Amino acid sequence: MQSQTPLVSKIIQAGAGTGKTESLALEVIEVAKKLYTQKQELPQIVATTFTEQATVELRQRIIEVALKQKAEPWLQDFVRDIEHLQISTIHGVFAKILHRHGPLMGLDPEFGILKAEEERQVVRKCLRKLMTTNQDAHFIADQYGFEGAVSVLIQLMSHYHLHGINAKPLLNWEDLLKKDLDVILENLKIINAASLNGLTEALSKTLDLLKRIYSQISRLGADYEKIRNYFLQTLEGVRTPTIKTKGLELKDNIKVIFEMKKKWSDEAYDVVNNAKFEQVSKVLANLSKLLMEKVLNYKITNSRLSFSDLELLTRDLLSQHPNVQTQIQNFYDFWFIDEFQDTSPLQKQILYNLFKKPWNVYFVGDPQQSIYLFRGADKNVFEETKQKILIDQKGKLEELITNYRSSGDIIKFFNKIFSPLKAKEDPKNIDATKIYFHNKLVEANSIIAASVFHFLQEGFNYDGIGILVRTNKEANDIAQYLTSKGLPVYVHSSGGFYEKREVLDALYLLDFILDPHQDDVFCVLARSPWLNIPDQTLVDWGQELKKLPLKERPSFWKYAHQFENENIKILNEILSLKESKALSFVFETALSRFGFFEFSAIDDMGARREANLRKFLSDLRASEAKEGFNAFEFIFNAKKDADKLGEEKEAISFIEPQKINIMTIHKSKGLKFDCVVVAGCERAPRQNNNMLELSSDGSWAIQVLSENAEQKVSPLPLVYLKKIRFSHEALEFMRLFYVATTRAAERLVLVSEAEPHEQSWLAQLKDKLNYNSGVHDNCYEVKYFEEPIEIKRYELARGEVQDNVNWQKKFPIIYESTQKVEGRKPIASNVEEVINSQIYGTEFHKVFEVINKNPKIEYFEAAKIAKTKKIKMGIIEKLLQLNDIPLKEILSEGVSEMPFSFKHKDKVYSGRIDLWAKINNTVWLIDFKTGEDPHAERQLKFYAYALSQTGIKWEQIKAVIVYPLKAKSKKIDLGKYEELLIDFDSYFADHCLDQI
């Protein structure tokens, strides 16, 4: 065995698109080889990254590197071994430590994770219990209201978790007042010593007044309340003097005094309010610590922790049990920390304690991509660790500056406004980057739509286009506009599956079916579009019910029966089905009767909402089929749905066409698109006026109720902390722009109003960019739009398409200097061709789904129900008469639009199968296509495997692609059942999504 020479720790500063994941994967392989050579056994390596999705991608990349290198068998086993190569989020690492060593802290090793709303319920419960014995709890609830107090206490407890003994209220308001007073006195002193000769009468009068003010407040010492009152009262109604005397040295001093007058007029400088703040803060600090202890005890007793608890308990475990820290240090041979710029100071502290001495770690990150200040991330963590690696650990710094993501055209633009990056190729297309300015008469969405059509004409695919915004609301607004123009979009929204609006509405409908007398559930359902009972009506009902004695008071549902309402009648009919039908049947009937499926298709060409509803229904059916099914437990679990760190669990149909991606900039991190449109470049950063300000050094300040009125005022410490936060957010705001623009590979469009806000991205870059119309520096083009842009309406699912569209006349603005992308074919010679084919495809799906659910229905009736406009009955008749496929029988006996979801290895796959049926031991698998697809065979294999995961087996399977537009079909040989399973397990699962 060779001597165990310690591996050198490194920190990698990797710019956007420089291949950091590839470098990380290569380094993992190399470190594993060295450790195996030293130990002659599989090493223990940990790799952490930011999200669950990123952990899966990292392992796949490491496996790919090992396969490319034709690694030895032990190494191939190692990279797939989740015990020896642990790839996780940081919170996943902390959870594993606590699962193993938590009993030392009185923690059940099988603890679960609380969602935010569950944690809020725990805090509510503990606070209510505390209010029975604690006057401080009552005092704080009076100040902020019960729910407001809960919100404040949750934030403060998290702050105390993060900063420990450094967390404390900022009570130096007198120091801040004194600092301002010193400025006033310094300038008044200069004015007091000045001569009044040669000045105008008005100016002499003002200066004489300022001299008297100086004389008076100099004698008041530190009585800030009297000083402020006298200063403001004396200057009340006095305007800033107009100074015409040239070269007057007192000009700046006078200006400062009147600026301070305006500043001191704010309630933040009121001494009474600041004294009230000091009183409230001390009470709140004590209450937070007391409540924190009770909440944590409750969580530990009930084995339910939040993510911040994982950090707190891991830190305490390591400090209170040094032997555990030593065990962990000795157990792990090497650490890899990805996205280190997103780490909080507390996470950094814990990680430091997990490394061996000298360190055995490889950090990767980019300070320019630190955009999670609101989650506690601190850009300085990276810089501090860099110095620690180089000086204390005698490690190495490596910088990756060659961008492999973006073309030389884009890189040239980046290098004008960001730190230098090397390009993988020389610039060729001088207008790859465009800055579009518009005024308020020109809708930004029309410019975005025109840009998208331009990309399509150049030959880029839908899913190669990313539209990046700052809020989910913007994403939804743009999606609605683009959908109305016939463009398929997918909005990457935040939140878990059961937080989707359509699923949440359905969940309340199911809850109502189970127990219609839950007033809170009925009110939510009543206010939804499905019942559409006005809020005022519900208020009126509530007022009438309050007049009745409590024992005689009926539920809202029972009370509603006396009113004529069609939806109430429908609900009664649905509830009557419960006596003889399964819950899933009753629920599906309710969804259909109230038009959930039909309504969900509006402005959602990707059928994402419908897929979500069908997934929910499928989950209910699957649960209902299990022994011991409890409907109320199903709803309870659905409502708490333990999502992991905001990862989406949405059902997305594989059969839908490619889509344009619309997402927030935060969600785009780590992704790349051929073409990127960044919206809202003219807007300033959002500056929230928080009731509670939390500082990165642990200090905090909060608003208090004014002594003079029933409204909250900001004390001086809060104003001070807010100013610091705004300065930090302003720096992060530009880093957000860096992340957004560097997602682009070949095309970049920045959309902005003609007069951007002075704090906006483009305004801050005015010294680096030329905003005159035209091409500049051979790397970007600026264009102004003064006239509205006409964008014709195209609706894939429901509308009609205009014929003979002259695209160049429609969008003249985007056809100047158009260049073809080398090696890329346009998605269609005419974009209309694509749109028409997608309309036909959608309508055929609707017709066949109606036929499937109603086998005896006439075909023209099916088309009428499906509300088709393009399909002729002759085409349907030809399809039903195809010789090589009994389509009519399959439609009658089979399952249409079946959702599925299964887990394979570390991935969950979800989608929908167009149509399948089992007839005489033969499984027929049908996929409808509106055009040729090179990956159709692989897609059908995927669907066949999905069927197998639902327990369906077959002696023979026949897969057929049906082309409705041509009334033709094509058989696909999928091989034997056993061969399909082997093929999927060995290769297909890791590669199918890239090609479907």
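**Helix packing, sheet and core in a predicted model**

Reader: At what angle do helix α8 and helix α11 pack?

Author: Happy to start there: α8 covers residues 173-192 and α11 residues 251-264, helices being DSSP runs of H or I with at least four residues and strands E runs of at least two, numbered from the N terminus. This is a predicted model, where local features need pLDDT of at least 70, side-chain atom pairs count only at pLDDT 80 or more, and totals for chains, interfaces and linings use all residues. Residues are numbered from 1 along each chain, and side-chain values use heavy atoms, without hydrogens and water. With axes fitted to C-alpha atoms over the stretch in contact and angles running from 0 to 180 degrees between N-to-C directions, the axes lie 9 Å apart and the angle is about 150°.

Reader: Which strands are the edge strands of the open sheet of six?

Author: Good one! Strands pair if DSSP finds at least two bridges between them, and the parallel order here is β3-β2-β7-β8-β1-β9. Each edge strand pairs on one side only, and the two are β3 (85-89) and β9 (396-400).

Reader: Which residue in β9 does Ala-14 stand opposite?

Author: Strand β1 (residues 10-14) runs parallel to β9, joined to β9 by five bridges. The residue opposite Ala-14 is Leu-400.

Reader: Which helix gives the largest share of the largest nonpolar core?

Author: A nonpolar core joins buried (under 20% relative accessible area, 1.4 Å probe, protein chains only) Ala, Val, Leu, Ile, Met, Phe, Trp, Tyr and Cys residues through side-chain atoms within 4.5 Å. The largest has 41 residues, with Leu-509, Ile-513, Phe-522 and Phe-587 making the most contacts inside it. Eight residues come from residues 501-514, helix α20.

Note on methods: Buried < 20%, exposed > 50% of the residue type's maximum accessible area, 1.4 Å probe, protein only.
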